[in-house]
Amino acid sequence: MSEFKNKTVVITGAIGDIGAAMATLFLEQGSQVCISDIFAKEEANKQQPELLKHPNLHYAMVDVRDYVAVSSWLEDCKVRHGSIDIVIANASKVTVKDLTSISAAEWMDEINVNLNGSFHVANSCAKLFQENQIAGSIVFIGSWAAHAVHSNLPAYTVSKAAVRMLCQTMALTYAPFGIRVNEIAPGFVNAGLSKQVWQKEPDAQEKAKNIVPLSGILESNEVAKQVLWICSSANRLLTGASIVIDGGLSLVRP
Ligand SMILES: NC(=O)c1ccc[n+]([C@@H]2O[C@H](COP(=O)([O-])OP(=O)(O)OC[C@H]3O[C@@H](n4cnc5c(N)ncnc54)[C@H](O)[C@@H]3O)[C@@H](O)[C@H]2O)c1
């Protein structure tokens, strides 16, 4: 029997590709899964009809920029299932504009979603774990982009680099309570904005694949499997880790 059976897993931004793949994988393990995203239920249903039909899945519209909304959603998940065991801070946005063209409002919003949103979810949940004496697991979805300068994605890379330090700081703060905090930082994934671009330009996907030293592009379910692995009790002493799964992409220098 899976160690994740009857565990409660909470995931933000889970109408998106990687979030939905993680929700699906935990449901397959017999977990109860609470997901959220910025969409109203009707739109969420349109985008992920199969996922939202699952009896062990509950969807809520929650904007991660809103600390109060995030805290009250987590409280609701806890009341609904009696506990939360795993939380995954996954919601994010990406603005493709360099520092000469990104506006202050665009910069702030990206930091707000990617960094502050991750803090809202992860730290609220850590406090909930602490108060209820739960040795829970917190996972941030970072990016290889935190490890390599991308002049066309400044807000994204800075926010993901900050998430990495947030992960380490939380890991140290909450270790005395048995709470583990880790990060999975994928490389190129056939998901989100990249997927949209590659669907229109298959040559660009081939080009991207060829840049990767191990010559491959991840699928969303492969990222989901890494998240499941990091949450496993086999990793009981793993905390503050940032696992970069990018086929060696972040090692490449021009
Ligand atoms: N796709 C890639 O190549 C790739 C690579 C490395 C890391 N990642 C990371 O993986 C995670 C998932 O990305 P994805 O590729 O599935 O992208 P995606 O765009 O499909 O999913 C992101 C989700 O976050 C949601 N979101 C955005 N703003 C929000 C807000 N304010 N409140 C709540 N939800 C909000 C979006 O609506 C969307 O459903 C992200 O953290 C991303 O940075 C993706």
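Q: What does it take for a residue to be near a molecule?
A: One of the residue's heavy atoms has to lie within 4 Å of that molecule. Here, 27 residues surround the ligand, and the closest are Ile18, Asp37, Asn90, Tyr156 and Lys160. Keep in mind that this is a predicted model, where local features need pLDDT of at least 70, side-chain atom pairs count only at pLDDT 80 or more, and totals for chains, interfaces and linings use all residues. Residues are numbered from 1 along each chain as its sequence is written, and side-chain values use heavy atoms, leaving out hydrogens and water.

Q: Which atoms of Ile18, Asp63 and Lys160 lie 2.9 Å from the ligand?
A: For Ile18, a backbone N or O atom sits 2.9 Å from a ligand oxygen. Asp63 has a polar side-chain atom 2.9 Å from a ligand nitrogen. With Lys160, an N or O atom in the side chain is 2.9 Å from an oxygen atom of the ligand.

Q: How much of the ligand's accessible area does the protein cover?
A: Accessible areas come from the Shrake-Rupley method with a 1.4 Å probe. On its own the ligand has 830 Å², and the protein covers 88% of that.

Q: Where is Val94 found, and is Val94 buried or partly exposed?
A: Buried means under 20% relative accessible area, exposed over 50%, and partly exposed in between (1.4 Å probe, protein chains only). Val94 is partly exposed, because its relative accessible area is 32%. Look for Val94 in the loop between strand E4 (86–89) and helix H5 (104–131); helices (H or I, at least four residues) and strands (E, at least two) are DSSP runs, numbered from the N terminus.

Methods. Polar contact = N/O pair within 3.5 Å; in protein donor to acceptor, adjacent residues only side chain to side chain.
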